[in-house]
Structures are given as C-alpha cells and as structure tokens.
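User: I would like to go through this model one question at a time, with the reasoning set out before each result.

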Amino acid sequence: MVNMFRTIEGVNIVLSNKKYAATFAVIAIAAFIAYSILLESSSLNLSAQKIAFGLDTYALIASTALGLMLSLSIVLNIFAFSRSNIRYVDKASIGAVITSIAPLTLCCSTIIPSILALAGIGASTVISTTGIIEGPLAEYEPLLIGISLVLLALSVYTTSTKIAKTGECCVIKK
C-alpha cells in the first residue's frame with residue numbers, strides 16, 4: 001500500500017512540472033492517434049473510422065489506454081534519466097513499447113514483405129513467408145496488447161516509485 005502512494009507521488013512530482021506535463025499531453029495525443037490508425041488494419045478490425053463515430057468502444061479503450069500508459073511511461077523515464085542519481089531506463093518500458101507497436105505495425109502491413117524483398121528473397125517466397133510471419137501476430141494480437149499494457153503499468157509503477165524515493169530535489173544532468 002505504501003508503494004502505491006509512492007507511485008502516485010512519483011507521478012505527481014513529474015506531472016507537476018509544466019514542461020513534463022506538456023510533453024505528456026503531446027505524446028498522449030500522438031500515441032492515441034497512432035494506435036487508432038494502427039488498430040484500423042489490425043486483426044481486431046478496430047477502425048479509426050469506427051472510433052470517430054463512436055461505434056467501437058473496444059478500439060477507443062485500447063487506443064486510449066495504450067496512448068496514456070505509453071506517454072506516462074516515456075515521460076517518467078525521461079524525468080528519471082535526466083536526474084543524476086537515477087541512471088537507468090526501465091526495461092519494462094522498452095518491452096512494452098515493442099510489444100505494443102510490433103504486432104500492430106507488422107501484422108497486415110507491407111513492412112514484412114518489403115523487408116523480405118530488400119533482403120533479396122524472391123517474390124514467391126515473400127508471398128508464402130509473409131503469411132507464416134503475420135498469421136501468429138494477427139492471432140495473438142489481443143494477448144500482445146494486454147501484455148504491453150501490463151508491461152507499461154509495471155514500468156510506470158517501478159519508475160514512479162523510484163522517483164518518489166529519491167525525491168524531486170535531484171540535480172539535473174548537464
């Protein structure tokens with residue numbers, strides 16, 4: 001219970017600074033838009049058009065949750081990294097970013113076929129291999145999004161707790 005209060009305290013320390021609060025807002029909006037666009041072509045068939053008209057609440061919830069948690073995690077890690085006595089980047093943040101973006105960008109897009117073609121693989125192999133790679137990403141996409149939300153929550157928890165323990169008084173690196 002004490003750590004929960006430290007988590008909230010750490011978030012308050014960071015977001016009470018106008019520069020970090022503005023950065024959080026900008027990243028949150030950009031992340032929400034990016035996730036909405038990425039979910040448009042995902043296996044979940046959550047389209048940005050449906051979000052705009054309020055027809056798909058799951059897409060709205062997923063885009064909002066991922067956008068807010070990702071931006072909070074990024075801002076907390078930037079704050080922590082800018083302090084001289086907190087020199088680490090949370091590994092959960094890196095994992096969360098990868099698991100939240102990779103399935104949405106790699107599934108049902110031209111990225112994998114393009115990479116295979118650039119590697120010099122023939123067209124018939126590209127066509128047959130793309131489905132083998134994209135299929136599992138599409139099938140497990142909801143699970144990967146859930147895992148990324150858990151990793152983002154873990155990242156926010158650990159980073160904000162460390163910020164609260166060290167306090168706001170830390171010297172900023174030059």
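User: Which residues form a nonpolar patch on the surface, with about 290 Å² of accessible area together?
Analyst: This is a predicted model, and the values given here are computed from it. One member of the patch, Ile33, lies in helix H2, and it counts as partly exposed because its relative accessibility is 45%, between the limits of 20% and 50%. The residues that together form this nonpolar surface patch are Ile29, Ile33 and Ile37.

User: Is leucine 152 buried or exposed?
Analyst: Leucine 152 is found in helix H8, and, leaving aside neighbours within four places in sequence, its contacts are Leu66, Met69, Leu70, Ser73 and Ala96. Of these, serine 73 is 79 residues away from leucine 152 in sequence, yet their C-alpha atoms are 6.5 Å apart in space. Since the relative accessibility of leucine 152 is 0%, and the cut-off for this class is under 20%, leucine 152 counts as buried.

User: What distance does H8 reach from its first C-alpha to its last?
Analyst: Helix H8 has 26 residues, for which a span of 38 Å is expected at 1.5 Å a residue. The span in the model is close to that expectation, and its value is 37 Å.

User: Which helix gives the largest share of the largest nonpolar core?
Analyst: The largest nonpolar core has 12 residues, among them Val11, Phe24, Leu72, Phe79 and Val156. The elements that contribute two or more residues to this core are H1, H2, H4 and H8. The largest share amounts to 5 residues, and the helix that supplies it is H4.

User: Which residues does valine 156 touch, not counting those up to four places away in sequence?
Analyst: Valine 156 belongs to the largest nonpolar core and is among the buried residues of H8. With residues up to four places away in sequence set aside, and taking contact as heavy atoms within 4.5 Å, valine 156 touches Thr7, Val11, Met69, Leu72, Ser73 and Leu76.

User: Among contacts between residues at least 6 apart in sequence, what percentage join residues at least 24 apart?
Analyst: The chain has 8 helices and 0 strands, and 37% of its 174 residues count as buried. One pair that lies far apart in sequence is leucine 152 and serine 73, separated by 79 residues and in contact with each other. Over the chain, the share of such contacts that join residues at least 24 apart is 77%.

Conventions: Residues are numbered from 1 along each chain as its sequence is written. This is a predicted model: local features need pLDDT of at least 70, side-chain atom pairs count only at pLDDT 80 or more; totals for chains, interfaces and linings use all residues. Side-chain values use heavy atoms; hydrogens and water are left out. A nonpolar core is a set of buried Ala, Val, Leu, Ile, Met, Phe, Trp, Tyr and Cys residues joined through side-chain atoms within 4.5 Å. Buried means under 20% relative accessible area, exposed over 50%, partly exposed in between (1.4 Å probe, protein chains only). Helices (H or I, at least four residues) and strands (E, at least two) are DSSP runs, numbered from the N terminus. The expected span of a helix is 1.5 Å times one less than its number of residues. Patches are made of residues with over 30% relative accessible area and no salt bridge: like charges are joined within 9 Å, nonpolar side chains (Val, Leu, Ile, Met, Phe, Trp, Tyr) within 5 Å. Accessible areas come from the Shrake-Rupley method with a 1.4 Å probe; for residues, only the protein chains shown count as cover. A salt bridge is a side-chain nitrogen of Lys or Arg within 4 Å of a carboxyl oxygen of Asp or Glu.
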